[in-house]
Structures are given as structure tokens and as C-alpha cells.
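Colleague: I'm new to this one. Could you walk me through how to read it, a feature at a time?

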Amino acid sequence: MDMSDTNAIAAGRGAIWSAAVWRKTWGDQRILLLSFAALWTVFPWLYLWLSAQIPMPAFQNVLLQVIPEDWQKLSGVPFSEVATYAGRVALAFVDPVVVLAATVWGITRGSDAVSGQLERGTMEMLLAAPVRRTAVFLTQALATTAAAALLCGVLLASVWSVVTFGPWAGKVEPWRFIPAAANVFGLMVCMGGITACVSAIDSYRWRTVGIMCGFYVTTLLAKLVGRLSGSLGWVGYLSVFNAYEPQRLVGGGPEAWRLLGQYDGILLGIGVAAYILGAVIFSRRDLPAPL
Amino acid sequence: MIVRTTSLTKRYGDFAALDGCSLEVSAGEIFGLLGPNGAGKTTLLRVLLGYLMPTSGSGTVAGFDCASRSLDVRANTAYLPGEARLFRRMNGHAVLDFFAGLRPECRRDVATRVADRLGLDCSRQVARMSTGMRQKLALAVVLATEVPLVILDEPTANLDPTARSEVLALVREARAAGRTVIFSSHVLSEVEETCGHVVIMRSGRVVHEQSIEALRRGHRIHAHLRGAFPGVPAEFAGRLTAAAGDDGRIVMETDEPLAPLLGWLATLSLVEIRVEPVGLQAVYDRFHRSA
């Protein structure tokens, strides 16, 4: 083969996108995506069916009269707002099933971006081809983000269907939960971006996952400390979970959308910045031979 | 020259994995890279392909600088890593499809033919393949990629004797098709059989360069004399090296035609004489027996 032929081919390889990597990433995340889609389809129905076992007057009685008022700090919204149908549905978005799944999605997919593939040794053959490291990294990021959007769509569709056809049918408008689902998406992008950035520096997936688990616990504690301590209130601002408040986004009206813009602005901003930083780090670092 | 390195160095702190390595590879030859583990062979290949940034020195592949034009380097190169690891969830066909989709120079039809020649069942999932089968699959990808330079890092490791012979035949066919092959191996007989030129590396440096043609002309003569060794006659000076022991035993080496030499040897009072080809092993041992 004439060398100039391949040089010409190389000249067209400046793209930061690879269709082959896009298809491969969807294949890689297929099982996790289907599992989480199934979980988030079933969960809202199960959650609301169980919630509906407690009649509204009894729920209001417990929330407004039995639980100390100070504990409102933890909920992020007044108990009077929680003790509504919309408020009770919104609690599903802060249930560990949703929060943990969103976090696990971000950590699992983000850690696979670089350190996962370095650890498995598959990055070696992939980067032997004339494809930019940036293209590998950002194509994976886009596929992971698109899948996160799909999952949030599934969650919203399930909430929409249970609100429309479930035990509280007609008691609350389903569109109120669009901002809450969008907030879940923001969390997924944020966790995915931070994890991918750590993965771009690291060479071992287990270590990336460990670092992110530590980050998750720390940031969760920071939010709690910020909420509960008056003098240490500023600590809460160090937590990304400070921008994850879906229960505050179900009130309807412009205020909910304004808050969503603020929250997702922070979460998506951190996520996208972390992805860009990760792409820069990955494109410049040495890649060790697989062990 | 399709590959040229000048004082190429890769350091990790005080440790030099590659220490001022300078070599040249002519287009269209099969170039052997020899050395024990840790000699710097894989580091050299990884620096050339842009996985690692050189600490100092420079290297070019097909005229492109390996540090600043890695994409162009890889567009002209097909690389088989020392331990090729492929995507475990895919089957063999999907792996070949992936790489054919990743870079247009990887010919899917050729890959199938190579896989067939190596006796590989591509319908099997990679996770269920033996190490040798995975090696064959990676070889199918690399040898089906129509680029000027093919770099094979221990290509016959883990292969059965039949597959080894087939791989060596494929390497020779690649050269016949006008491609250059860099062949890194520990199996000296394969290198001697296949390559036209070899370099021996030690501690990150090139310590010897050897033409295989010259090697084939080379002979080693073990002689046992009754009396003292009279020394090398003037007519053979510079063309014959001799090392005499105290007990009348002498070892001589030459790259020249043997006939005139044998005439001179017949004049000596010989107890015993043995003539053998020098062979790559003997050359290699000069640099690594004590290492």
C-alpha cells in the first residue's frame, strides 16, 4: 500500500466522534441499562402502591404532629408540602432506589471509560487504531449521557403512568414531575462526569470505584452537616447533593423551573466540566501496558 | 527508512525503561527486536505508537513524529500488543466487525480469511476463548489491516506449532506484499527464520545490530590442537577472530567463506575440529548470558 494513501486517510481522522465506539459503548452498557430501566419502571408503581396503604389523613397526622418540627431541615421542604399527594409522590425521587441507582449508574459507566478498559487491557487494541483518545472518551461520555436521559425518561413515564392510572389517579398532575426527573438526570451526568474524570487519571477500576464511593459518602455527609448545623451551614455548599432536591421541584409553576435551572445548572455544569477535564487528562497521559 | 529513532529515552524517575535508543528500520523488511524481559522492547513500541510520551529524543514512523503526530503514525501502523485482550462480551465475528468499522484499512474479508487459516472459530464468545484463540483473533485483526507497517509484539506466544508456522507464513506474505514488519519475540529460531535484520536490546539500549544474511555466512570453529596456537595468519587478519585456551582448545569465528580457512586449518596439528553455524542464539548469548 502506498504510504500517501494512508496519510490521506489519517488526514480525515480529526473527529472527536467514533461511530464504532458509540455502538460498542451501547453494547457494553446494555445489560445495566435494561436492568435499571426495569427497576425504574416497577419502582414508582410499587412505591406508590405501598404509600397508598397509608391514608392521607393518617400520613398528615404523623408528619405534622408526631415528627419534631426541627426535622424539617432534613426534608428540604416544609412538611406541609410533603403532606400532599404531589409531595408524597415526590418522595419516590429521593428514595435510595432512585438516588443510589443514579449514583451507581454514574460510577459504573464513568469508571469504565478509561481505568476500566486499561485494567481489562482492551484500551490497547482500541488505541492502536488511528482514533483520537478524545474521540474515545467523549463518544463514551455521550453514549452514557444519552442512556441516562433514556433512563430518566423511563422513570418519568412510569411515574406519569402511576399518577394517571394508579391509586391516586386524578389527584395530582403528572407533568409536575418533569423537573424532578430532569434533576435525576442532572445527578447522573454529574456523577458520571466526576467518575470519568477520576477514571481518566487512574489505571485501576476498583480504585476509581473506591474513590467515588468515598466521594459519595463524603458529599452526602456534607449535605447533612450543612443542613443540621447552623454554624457549619456552609459545608452543605460543598456537596453536589445540595443541588439534588427533586422534592422541591414538584410544586408546579415557574418557581419549580427556575429552581431546576439552578440545580441542573450546577449538576450538569460540574458533570460537563469533569468530562472535559477528563478528556484533556486522558489525551495527555501515559498509558501503561496492561498488567 | 520507515522507522527512525534518535536517542529515544523514556524515564520513570531514576529508572530508564528506554535509554538513548537509536535505530532505523528500512521499508519492506522484517525487522527483529530481541531482548529479555525488561530490555525495553515493548516500551520502544509503545513510545513509537504514542501510548507513552518520550522523556527525550525523537522517533518517526512513516515520516511522522511519534510524539506530536501519533494519529498519523497509527494510521500507518497495525499493532499487535504483547498480550492482546479483546472485548469479552463480543464473539469473534463481532470483534472483527468492530475493528473493520473502526478503521477502513482493516479489511473484514481478509480478517475472515486469516482467522480461517489460523483455524479460529469466530462464532465463539471472546470470554469463552482460550488465550491462544484470543491471540489468533487479534492476529486476524492486525494482519488484515492494510497499512505500511505491522508491529507484532510476541505474535506466536500461546500458539500451537501449526498456528506458529501459519503466523510466520503470514508475516512473510505481508513482507511480500510490500509491508514492513517489526517482529518482537523471545523465540530466536523464529526470528532467525523470518527476519532480515535484528537488533538486540539490553537495559533500554540497542547493544547489537545484526543482518541475518551475514549471520548465515558466519561459522564458529571449535578446534583442539596438540601444540600451541600459532596465531591467525596475516591473510585472515580482520576476518577471523580467535580465542585460545590454555589446554590447546581454540574457538574461532568468521563471516567469510570457509574453504580457504579450512585449507589453513588442515596445516595445524589437530586433535579434534567441529564447525557449526554461529546462529542467532550465540550472538544473543554474547549480550545476555551474563545478564
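Modeller: Happy to. Let's begin with spacing: the centres of domain 1 of chain B and domain 2 of chain B, taken over C-alpha atoms, are 38 Å apart. Keep in mind that this is a predicted model.

Colleague: Where does each domain of chain B begin and end?

Modeller: Domain 1 covers 3-212 and domain 2 covers 218-288 of chain B. Where the two touch, domain 1 of chain B puts in 10 residues and domain 2 of chain B puts in 7 residues.

Colleague: Which elements give two or more residues to the domain 1 side?

Modeller: Look at helix 7 (188-194), strand 9 (197-202) and strand 10 (205-211) of chain B. Sorted by class, the side of domain 1 of chain B that touches domain 2 of chain B has 6 nonpolar, 2 polar and 2 charged residues.

Colleague: Now the two chains. How many residues does each give to the contact?

Modeller: Chain B gives 30 residues and chain A gives 27 residues. On the chain B side, helix 1 (41-48), helix 2 (70-75) and helix 3 (92-102) each supply at least two residues. Helix 2 of chain B gives the most to that side, with 4 residues. As for class, the side of chain B that touches chain A holds 18 nonpolar, 3 polar and 9 charged residues.

Colleague: And chain A by itself? What is its secondary structure?

Modeller: Chain A comes to 12 helices and 0 strands. Its C-alpha atoms fill a box of roughly 80 × 45 × 35 Å along the principal axes. Chain A has 291 residues, and 43% of them count as buried.

Colleague: How do I read contacts along the sequence?

Modeller: Ask how far apart the partners sit in the chain. Among contacts in chain A with a separation of 6 or more, 78% are between residues 24 or more positions apart.

Colleague: Let's take one helix pair. At what angle do helix 7 and helix 10 of chain A pack?

Modeller: Helix 7 (residues 96-120) and helix 10 (residues 178-201) of chain A pack at about 30°, and their axes are 7 Å apart.

Colleague: Why is helix 7 of chain A called roughly parallel to helix 10 of chain A?

Modeller: Angles under 35 degrees count as roughly parallel, so helix 7 of chain A is roughly parallel to helix 10 of chain A.

Colleague: Is the crossing left-handed or right-handed?

Modeller: Helix 7 of chain A passes helix 10 of chain A in a right-handed crossing. By class, their contact has 12 nonpolar, 9 polar and 1 charged residues.

Definitions and conventions:
Residues are numbered from 1 along each chain as its sequence is written. Chains are lettered from A and ligands numbered from 1 in the order in which they are written. This is a predicted model: local features need pLDDT of at least 70, side-chain atom pairs count only at pLDDT 80 or more; totals for chains, interfaces and linings use all residues. Ala, Val, Leu, Ile, Met, Phe, Trp, Tyr, Cys and Pro count as nonpolar, Asp, Glu, Lys and Arg as charged, and the others, Gly among them, as polar. A residue is buried if 20 or more other C-beta atoms lie within 10 Å of its own, exposed if 12 or fewer, and partly exposed in between; C-beta atoms are placed from the backbone. Domain bounds come from an automatic or database domain assignment. Axes are lines fitted to C-alpha atoms, for helices over the stretch in contact, and angles run from 0 to 180 degrees between N-to-C directions. Angles under 35 degrees count as roughly parallel, over 145 as roughly antiparallel, 65 to 115 as roughly perpendicular and the rest as oblique. A crossing is left-handed if the near helix is turned anticlockwise from the far one by less than a right angle, and right-handed if clockwise.
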